[in-house]
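Hi everyone, and thanks for making time for this. I'd like to walk you through a structure that may be new to you, so please have it open in front of you.

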Amino acid sequence: MLPPDPAEQLLLDLGITEPAEIDVEVIACLSGAVVGYRPLPCGDARILGVGNKAIITVDAGASPARQRFSVAHELGHWHHHRGQRLVCHAAGQSDPASVGGAEREADRYAASLLMPRFMMTPVVASAPMSMALVHWVAERFRASLLAAMLRLVDVHAGAFAVVVEQPDGRRWFKRSATLDRRWLVWPNGPAECRTEDSRTCPAIDWYRGSGLSRRRVAYEVQPLGGGCTVHLIGRPI
Ligand SMILES: [Zn+2]
């Protein structure tokens, strides 16, 4: 049996059962940390802890969704890495495979705290994966579109992949657990897909593997702001 997720356990211990009740500043306070906002020259946030008390400083210029994720990310460090000296990356915005273990752990804690599985699963269980669902989750849980998308990859039961295109042209992908392992995601999909809102396209545009030549995939694309674009690609059918 898996150990309980620490962020979700904290929510349960605090009696928080609805997305609207997830107030990160209150949760920080109850965890011994105060949150302040001021312009930061680099990074989204930082945490300074002494004993059982900490100060979390968040970039005042970031969007409310980014600030919220940043507080939750620093609470992840407070839970997992107390006493360690760490430099945070841009929380929740980078290729999950490219950031260090401590950052990944803090991002995972933040995603669980802001979009806990026990609240997500009942509401997304009967909804097909789509950009509309991403928007709905982002609004309901007050998360960025990218954070909502990445959380749905973990929580949604559907078979799909997301490819994220960053402003510098790099692309990275994340696949849902139920996507058939025979099909490898090919993140360098066709450039013309960027201009389409929603459609199907040949499976070989986005996947590699046997038996794909006649198959197609459902496809949606969404600009995320800041030059970032996300592609949602269904399973080959
Ligand atoms: Zn960090």
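I'll begin with the whole chain, then turn to a surface patch, a loop, the salt bridges and the cysteines.

One thing to keep in mind from the start: this is a predicted model.

So, what is the chain built from? Its secondary structure comes to seven helices and 10 strands. If you lay the C-alpha trace along its principal axes, it spans about 60 × 40 × 30 Å. How does the radius of gyration fit with a compact globule? For 237 residues, such a globule would have a value near 18 Å, and the chain has 19 Å, so the two agree.

Now for the inside and the outside. Of the 237 residues, 48% are buried. The chain exposes about 11900 Å², and carbon and sulfur atoms supply 55% of that area. As for how the chain meets itself, take the contacts with a separation of 6 or more: 49% of them are accounted for by residues 24 or more positions apart.

Let's zoom in on the surface. Which residues form a nonpolar patch there? They are Leu-14, Val-26 and Leu-30, and together they have about 260 Å² of accessible area. You'll find Leu-14 in the loop between α1 (6-13) and α2 (24-30), while Leu-30 lies in helix α2. These two leucines are 16 residues apart in sequence, and their C-alpha atoms are 9.1 Å apart in space. Leu-14 has a relative accessible area of 33%, so it counts as partly exposed. Leu-30 has 58%, and therefore counts as exposed.

Next, please find Arg-142, in the loop between α6 (131-140) and α7 (145-155). As background, most residues other than glycine have a negative phi. Arg-142 is not a glycine, yet its phi is positive, at about 55 degrees. Is this residue buried, partly exposed or exposed? With a relative accessible area of 36%, Arg-142 is partly exposed.

On to the charged side chains. Side chains of opposite charge can pair when their charged atoms come close. How many salt bridges does the structure hold? There are six, and I'll show you three of them.

Let's start with Asp-154 and Lys-174, whose closest N and O atoms are 3.3 Å apart. This pair links distant parts of the chain: Asp-154 is in helix α7, Lys-174 is in strand β5 (residues 171-175), and their positions lie 20 residues apart in the numbering. Asp-154 is partly exposed, because its relative accessible area is 37%. Lys-174 is partly exposed as well, with 21%; since anything under 20% would be called buried, you can see where the cut-off falls.

Another pair is Arg-171 with Glu-165, where the closest N and O atoms are 3.6 Å apart. Are these two residues buried or exposed? Both Arg-171 and Glu-165 are buried.

The third pair on my list is Asp-168 with Arg-170, whose side chains meet at 3.0 Å, N to O. Asp-168 has a relative accessibility of 54%, so it counts as exposed. Arg-170, at 43%, counts as partly exposed.

Finally, the cysteines. How many disulfides are there? The count comes to zero, where a disulfide would need a pair of cysteine sulfur atoms within 2.5 Å. Let me pick out three cysteines and tell you how accessible they are. Cys-42 is at 57% relative accessibility, so it counts as exposed. Cys-201 is at 1%, and so counts as buried. Cys-228 is at 10%, which also means buried.

Let's stay with Cys-228 for a moment. It is in strand β10 (residues 228-234). What does Cys-228 touch, leaving aside its neighbours within four places in sequence? Its contacts are Val-164, Glu-165, Gln-166, Pro-167, Gln-222 and Pro-223. You may recognise Glu-165 in that list, since Glu-165 also forms the salt bridge with Arg-171. And if you look from Cys-228 across to Met-149, the two are 79 residues apart in sequence and 13 Å apart in space, C-alpha to C-alpha.

That's the tour. If you take one picture away, let it be a predicted model with seven helices and 10 strands, six salt bridges and zero disulfides. Thanks for listening!

Technical notes:
Residues are numbered from 1 along each chain as its sequence is written. This is a predicted model: local features need pLDDT of at least 70, side-chain atom pairs count only at pLDDT 80 or more; totals for chains, interfaces and linings use all residues. Side-chain values use heavy atoms; hydrogens and water are left out. Buried means under 20% relative accessible area, exposed over 50%, partly exposed in between (1.4 Å probe, protein chains only). Patches are made of residues with over 30% relative accessible area and no salt bridge: like charges are joined within 9 Å, nonpolar side chains (Val, Leu, Ile, Met, Phe, Trp, Tyr) within 5 Å. Accessible areas come from the Shrake-Rupley method with a 1.4 Å probe; for residues, only the protein chains shown count as cover. A salt bridge is a side-chain nitrogen of Lys or Arg within 4 Å of a carboxyl oxygen of Asp or Glu. Helices (H or I, at least four residues) and strands (E, at least two) are DSSP runs, numbered from the N terminus. The radius of gyration is taken over C-alpha atoms; the globule rule is 2.2 Å times the number of residues to the power 0.38. Contact means heavy atoms within 4.5 Å.
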